[in-house]
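Here is a short briefing to read alongside the structure. Take a look at the fold as a whole before turning to the details.

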Amino acid sequence: LFNKNLNKIFNPQDAAEWLNQGKILIHPTEGVWGIGCDAFNQSAVEKVNILKQRDPSKSFILLAPSTKRALEYFQPLTVQQNEFVSNNWPGHTTIIYESTDKVPNYLKAIDSTIAMRVSNHKPIVNLLSLFNNLMVSTSANISNLPTPKKIEDIAEIFSDPDVAFYYFENGKSKKPSSIIDLNSMEYIRE
């Protein structure tokens, strides 16, 4: 069952093409398996919520291909904020900050902030450099349930023709990214 019904992608070019087609990608991260899509494809974003049985009012983490690209979607930063960003990206830190008008409303929190990360995990770096756009990313689980470690268990949860596995290893981190609010400089998740 596992092998027959599962779309598998073994290179970043095919994964980028899959995202461009508005489809959903189970992908490796620094720690746990993630599920994501093209952040600017609203129906794909809605489908991720449906597959995860997730409250659509909850915000997603956005993965950007580079710090330069990520900052295009943030309001201007102070010198200290810029310094923090350059010390933490690329890396396992998600930063929350006010977004620009380039970000569609369905990706923004109620206070117009977005949560952004520039990963240093090679499979994601390779994928995003080819995709060259923002990708929505969240843990590959049913909302509020533990994230399975085994790919077979994830495949069972997300068996859908529009879902594919980007087949690379997760990083060594044992926990999700830390999340910091760049205005208050307070950690929301350490």
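Of the 190 residues in the protein chain, 51% are buried. Keep in mind that this is a predicted model. The points below move from the whole chain to one covered strand, and then to a single lysine.

**Overall fold**
- The protein chain contains 6 helices and 10 strands.
- Its radius of gyration is 16 Å, which agrees with the value near 16 Å that a compact globule of 190 residues would have.
- Measuring along the principal axes, the C-alpha trace spans about 55 × 30 × 30 Å.
- If you take the contacts in the protein chain with a separation of 6 or more, 68% of them join residues 24 or more positions apart.

**Surface and charge**
- About 9600 Å² of the protein chain is exposed, and carbon and sulfur atoms supply 51% of that area.
- The chain carries 19 positive and 20 negative charges, and the mean positions of the two sets lie 6 Å apart.

**Strand β6 and its partners**
- Strand β6 covers residues 113-117 and is mostly covered itself, with 5 of its 5 residues buried.
- In a regular strand, side chains alternate between the two faces of the sheet.
- In β6, Thr113, Ala115 and Arg117 point one way, while Ile114 and Met116 point the other way. Residues on both sides are buried, and Arg117 is one of them.
- Strand β4 (residues 61-63) runs parallel to β6, and 3 bridges join the two. Here Leu63 stands opposite Arg117 of β6.
- Strand β5 (residues 93-98) pairs with β6 in the antiparallel sense, over 4 bridges. In β5's pairing with β6, you can find Tyr97 opposite Ile114.

**Lys58, in a loop**
- For a contrast in setting, look at Lys58, which sits in the loop between α2 (42-52) and β4.
- Is Lys58 buried, partly exposed or exposed? Lys58 counts as partly exposed because its relative accessible area is 39%, which falls between the 20% limit for buried and the 50% limit for exposed.
- Which residues does Lys58 touch, leaving aside its neighbours within four places in sequence? Lys58 is in contact with Ser143 and Asn144.
- Val103 is 45 residues away from Lys58 along the chain, and the C-alpha atoms of the two are separated by 16 Å.

Conventions
Residues are numbered from 1 along each chain as its sequence is written. This is a predicted model: local features need pLDDT of at least 70, side-chain atom pairs count only at pLDDT 80 or more; totals for chains, interfaces and linings use all residues. Side-chain values use heavy atoms; hydrogens and water are left out. The radius of gyration is taken over C-alpha atoms; the globule rule is 2.2 Å times the number of residues to the power 0.38. Buried means under 20% relative accessible area, exposed over 50%, partly exposed in between (1.4 Å probe, protein chains only). Contact means heavy atoms within 4.5 Å. Accessible areas come from the Shrake-Rupley method with a 1.4 Å probe; for residues, only the protein chains shown count as cover. Lys and Arg count as positive and Asp and Glu as negative; His and the chain ends are not counted. The place of a charge is taken as NZ of Lys, CZ of Arg, CG of Asp or CD of Glu. Two strands pair if DSSP finds at least two bridges between them.
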